[in-house]
Structure formats: C-alpha cells, structure tokens
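Trainee: I should like a close examination of one part of this model, namely the metal site and the contacts around it. Please set out the geometry first and the surroundings afterwards.

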Amino acid sequence: MEEIVQSLVRVLMRGTEYQTFCKCPQCELDIIALSLNTLPTHYVTTEKGRKAVFERMNTLENLEWINKRIIHSIHVVGKYPHR
Ligand SMILES: [Zn+2]
C-alpha cells in the first residue's frame, strides 16, 4: 500500500491541477502519511504475498478510491503546509 500511495502521490503532484500546491519533500511526506492513515494497511512478509496484495489493490475501482483519499490529503496539507 505504501508503495502504491507513494507513486500515486508523486504522479498526482506533478499534474497541472496541483501546480499551486507546495511540492517540497516535507509536504510530500505529509501527504503520503495522511493518505496512509485513512487507508487500510497490508503488511506482507514475503515477495509472494507482496505480489498477491498488489494484484488485489491494483484494480481500477481501488485505484480510484485511493486517488480520492490522496487528493483529499493534498488539499489538507496544502491548506496547512509545514506543520
Ligand atoms: Zn512544503
């Protein structure tokens, strides 16, 4: 989950929609942390487990939902940056 959120946050923050938001590493980390807090964690101990979880998470429906959580976090952190 962390890996998915990290890469999604990077992609989203580079989009034109979020040009006005602060993109420093601190804000990026805040957004990732905030998003992860609202999403279920999927801890895995093996590479096989990692693949299975990734395949389950990597559906269009799931990604859309994760995206919504991230966009919410971008706005929250954008309102109160550097806390
Ligand atoms: Zn910042």
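Mentor: What follows describes the metal site, then a neighbouring helix contact, and finally the salt bridges.

The model is predicted. Its zinc ion has as protein donors C22 (SG), C24 (SG), C27 (SG) and H82 (NE2), lying 2.1 to 2.3 Å from the metal. The arrangement counts as tetrahedral because the angles subtended by the four donor atoms run from 102 to 113 degrees, and the criterion requires all angles to lie between 85 and 135 degrees. For reference, the ideal angle for four tetrahedral donors is 109.5 degrees. Along the sequence, the donor residues follow the spacing C-x1-C-x2-C-x54-H.

The cysteine donors can also be described by their accessibility. C27 is buried, at a relative accessible area of 1%. C22 is partly exposed at 30%, and C24 is likewise partly exposed, at 23% relative accessibility. The structure holds zero disulfides.

C27 also leads to the helix packing, since V77 is in contact with C27, D30, I31 and L34, its neighbours within four places in sequence being left aside; the cut-off for such a contact is heavy atoms within 4.5 Å. V77 belongs to helix α4, residues 60-79. V77 counts as buried because its relative accessibility is 7%, where the limit is under 20%. The C-alpha atoms of V77 and M13 are separated by 12 Å, with their positions 64 residues apart along the chain.

M13 appears again in the surroundings of E28, a residue of helix α2 (residues 25-38). Apart from neighbours within four places in sequence, E28 is in contact with V9, R10, M13 and R14. With a relative accessible area of 12%, E28 is buried. The side chain of E28 meets that of R10 in a salt bridge, at 2.6 Å from N to O. E28 lies in helix α2 and R10 in helix α1, so this pair ties together parts 18 residues apart in sequence. R10 itself is partly exposed, at 37%.

In total, the structure holds three salt bridges. E3 and R50 form one of them, at 2.6 Å from N to O. That pair links distant parts of the chain, E3 being in helix α1 (residues 2-13) and R50 in helix α3 (residues 47-57), 47 residues apart. E47 and R50 form another, at 3.4 Å from N to O; both lie in helix α3, three residues apart, or about one turn of the helix. Through shared partners, salt bridges join E3, E47 and R50 into one network.

Terms used: Residues are numbered from 1 along each chain as its sequence is written. This is a predicted model: local features need pLDDT of at least 70, side-chain atom pairs count only at pLDDT 80 or more; totals for chains, interfaces and linings use all residues. Side-chain values use heavy atoms; hydrogens and water are left out. Helices (H or I, at least four residues) and strands (E, at least two) are DSSP runs, numbered from the N terminus. Buried means under 20% relative accessible area, exposed over 50%, partly exposed in between (1.4 Å probe, protein chains only). Donors are N, O and S atoms within 2.8 Å of the metal (3.2 Å for Na, K and Ca); water is not among the atoms, so sites may look incomplete. Four donors count as tetrahedral if all angles lie between 85 and 135 degrees; four count as square planar and six as octahedral if opposite donors are over 155 degrees apart and all others between 65 and 115; anything else is irregular. A disulfide is a pair of cysteine sulfur atoms within 2.5 Å. A salt bridge is a side-chain nitrogen of Lys or Arg within 4 Å of a carboxyl oxygen of Asp or Glu.
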